[in-house]
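Work through the exercises below with the sequence and the model at hand. Each task is followed by a solution in steps.

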Amino acid sequence: FADTEAQVSESNEDNNFGPPNGQTIVVSPPDLTIEALIPDKTQVAPNEPFDVDVVVKNQGAAAAGGFWLGLYKNSGTPPAAPSNPDLYAWVGGLEAGEARTVTFPGVSYADPGTYLMWALADTDARVVESDEDNNYGPPNGQPIEVVPPDLIIESMAPEKTNVAPNEPFDVVVVVKNQAPSAAGGFWVSLFQHSDTAPQAPAGGDRSLWVDGLGGDATATLTFQGVSYPTPGTYLMWTLADSYAQVLESNENNNYAPENGQQINVLPPDLVIDSVTPSKTTVSPYEPLDVEVVVRNQGAAPTGGFWLGLYRHSDTPPTAPSDPDYYYWIDHLGPGEAIAALFSGVTYATPGEYLLWALADATAAVPEADEGNNYGPAGGQPISVVAPDLVIDSVTPSKTTVAPFEPFEVEVVVRNQGGAAGGFYVSVYKDSATPPTGDGGDTEWQWVPELGSGATVTLLFGSHSLFYEQQGTYKLWALADS
């Protein structure tokens with residue numbers, strides 16, 4: 001408009017304005033909207049954290065100053081300003097047309113259910129906008145399913161179901177989370193015996209920790225060295241989340257197997273099948289070998305045990321006791337037998353003895369029958385007989401000789417007792433009385449050994465046997481001189 005104060009006198013005072021119809025000026029405020037709401041999971045477990053990305057945009061023609069961006073975890077209807085969201089994030093401002101991604105970390109829900117999540121720009125309505133009704137998003141909300149995990153025992157596989165007392169075995173357990181949402185850490189417990197299915201919280205006999213289990217995931221655990229000390233029939237179970245740490249959709253399906261796993265603790269039963277000495281008649285200190293066959297006639301294997309040999313007992317030996325000889329046996333399976341050889345068994349003194357063997361001499365193996373471990377039934381008689389050396393014959397090559405004429409003598413020695421070790425046989429060319437071994441022998445020979453009932457023939461003489469003077473002489477031979 002020209003001459004706004006009418007200072008100029010004009011020919012036409014009515015045409016000072018323009019343009020003819022005025023110039024339209026539009027003043028456009030900002031316009032905030034939620035372009036996207038993106039959770040990294042839409043199915044979660046109770047208290048399982050997840051992140052949510054929100055893309056907020058200023059679709060107006062003017063810049064927006066700073067404002068609060070709010071996240072609403074659940075609302076049946078779109079949120080409107082001013083209101084109080086569950087989580088806040090400050091946005092310092094947005095230029096016209098600018099979009100920005102804001103991340104809300106660690107979002108979680110405590111209880112199972114289906115929720116509608118929303119985001120709202122400018123929660124306290126501090127920014128004047130061209131449209132105050134389009135600040136929320138997404139249009140219909142973002143469904144979030146909070147589904148509890150559901151832990152089950154998919155399988156339980158003991159390495160053995162028939163075992164001996166104290167025989168270790170492993171149990172392999174597969175635990176599964178059959179829900180789509182993850183489970184946090186929990187314990188899996190093994191119950192070696194329960195008449196009924198275990199329920200949490202209950203610790204069991206052994207427990208193993210699982211750090212966590214994703215949706216539809218499994219974990220394989222091994223309980224090592226499980227054993228039972230006492231014979232009997234047991235029901236074994238495993239229980240997932242045995243301390244009730246995980247909130248689940250079904251808390252009653254955590255155990256397995258459905259009716260328990262029967263474990264039979266069947267004791268072994270050791271018996272002596274045979275005791276066979278290499279000799280039953282020996283002399284003092286004469287070594288003999290004894291073969292002992294021990295058998296496990298029970299239904300379960302044994303652990304290691306000592307087989308004992310007793311040189312003499314009037315009555316059967318019982319465990320625990322100290323045998324004269326030991327033999328270690330690592331293991332005997334059901335029905336398995338083993339032959340053990342005791343070498344160099346000796347007796348010092350002549351006499352009649354009863355030899356026995358005893359399985360599990362130290363009573364280390366629990367058995368079905370602890371009274372049948374010895375054998376043979378009445379003991380094995382062993383006769384220890386001293387040797388008895390006799391001269392069967394003394395035969396000179398001549399009985400009449402001249403002085404200094406040499407002659408030979410054949411001597412036959414017999415052992416009519418138990419076996420003899422080495423000894424000397426001597427010839428005495430003149431003695432008025434039988435020799436006693438106190439010297440005076442003319443010639444001698446060594447006999448290394450002589451078995452029971454055996455004989456040996458020795459030849460003495462050649463140039464050493466002769467008489468210097470005429471006369472009548474008595475010739476002798478002496479065994480073990």
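The exercises cover ring pairs, salt bridges, a surface patch and two prolines in this predicted model.

**Exercise 1. Classify the ring pair of phenylalanine 169 and tyrosine 228, and place both residues in the fold.**

Solution.
- Start with the total: the structure holds 19 aromatic pairs.
- Take the geometry of phenylalanine 169 and tyrosine 228. The centres are 6.4 Å apart, and the planes differ by 10 degrees.
- Stacked rings need planes under 30 degrees apart. The pair of phenylalanine 169 and tyrosine 228 is therefore stacked.
- Now place the residues. Phenylalanine 169 is in strand β11 (residues 169-177), and tyrosine 228 is in the loop between β14 (218-226) and β15 (232-240). The pair so ties together parts 59 residues apart in sequence.
- Check exposure. Phenylalanine 169 has 1% relative accessibility and counts as buried. Tyrosine 228, at 3%, is buried as well.

**Exercise 2. Is the pair of tryptophan 187 and tyrosine 243 stacked or edge-to-face?**

Solution.
- The ring centres of tryptophan 187 and tyrosine 243 lie 6.4 Å apart, with the planes at 70 degrees.
- Edge-to-face requires an angle over 60 degrees, so the pair of tryptophan 187 and tyrosine 243 is edge-to-face.
- The two residues sit in distant parts of the chain, 56 residues apart: tryptophan 187 in strand β12 (residues 186-191), tyrosine 243 in the loop between β15 and β16.
- Tryptophan 187 is partly exposed at 30%. Tyrosine 243 is partly exposed at 40%.

**Exercise 3. Find what surrounds the ring of tyrosine 109.**

Solution.
- Look for ring partners. Ring pairs join Tyr109 with Phe50 and Tyr115 in a cluster.
- Look for a charge. The charged end of lysine 73 sits over the ring of tyrosine 109, 5.1 Å from its centre.
- Elsewhere, lysine 429 lies over the face of tyrosine 467, 5.8 Å from the ring centre.

**Exercise 4. Examine three of the 10 salt bridges.**

Solution.
- Lysine 176 and glutamate 154 meet at 3.9 Å, N to O. The cut-off is 4 Å, so the pair qualifies.
- Lysine 176 is in strand β11 and glutamate 154 in strand β9 (residues 151-158), so the bridge ties parts 22 residues apart in sequence. Both ends are partly exposed: lysine 176 at 22%, glutamate 154 at 44%.
- Lysine 160 and glutamate 167 form a bridge at 2.6 Å. Lysine 160 is partly exposed at 29%, whereas glutamate 167 is buried at 10%.
- Glutamate 405 and lysine 398 bridge at 2.5 Å. Glutamate 405 is partly exposed at 24%, and so is lysine 398 at 37%.

**Exercise 5. Which residues make the nonpolar surface patch of about 310 Å²?**

Solution.
- The patch is made by Trp306, Tyr326 and Trp328.
- Tryptophan 328 lies in strand β21 (residues 325-329). Its relative accessible area is 40%, which makes tryptophan 328 partly exposed.

**Exercise 6. Describe the settings of proline 85 and proline 257.**

Solution.
- Proline 85 is in the loop between β4 (67-72) and β5 (87-91). Proline 257 is in strand β16 (residues 255-265).
- Buried means under 20%. Proline 85, at 8%, is therefore buried. Proline 257, at 25%, is partly exposed.
- Beyond four places in sequence, proline 85 contacts Gly70, Leu71, Tyr72 and Thr123. With the same exclusion, proline 257 contacts Met156, Met236 and Trp237.
- Proline 85 and leucine 120 are 35 residues apart in sequence, yet 8.3 Å apart C-alpha to C-alpha. Proline 257 and glutamate 154 are separated by 103 residues and 8.6 Å, C-alpha to C-alpha.

Conventions: Residues numbered from 1 in each chain as written. Predicted model: local features only at pLDDT ≥ 70, side-chain atom pairs only at ≥ 80, totals over all residues. Heavy atoms only, no water. Helix = DSSP H or I, 4+ residues; strand = E, 2+ residues; numbered from the N terminus. Buried < 20%, exposed > 50% of the residue type's maximum accessible area, 1.4 Å probe, protein only. Contact = heavy atoms within 4.5 Å. Patch = residues over 30% accessible without salt bridge, like charges linked within 9 Å, V, L, I, M, F, W, Y side chains within 5 Å. Areas by Shrake-Rupley, 256 points an atom, 1.4 Å probe, with all protein chains shown as cover. Salt bridge = Lys/Arg side-chain N within 4 Å of Asp/Glu carboxyl O. Phe/Tyr/Trp six-rings, centres within 6.5 Å; stacked < 30°, edge-to-face > 60°. Lys NZ or Arg CZ within 6 Å of the ring centre and 35° of its normal.
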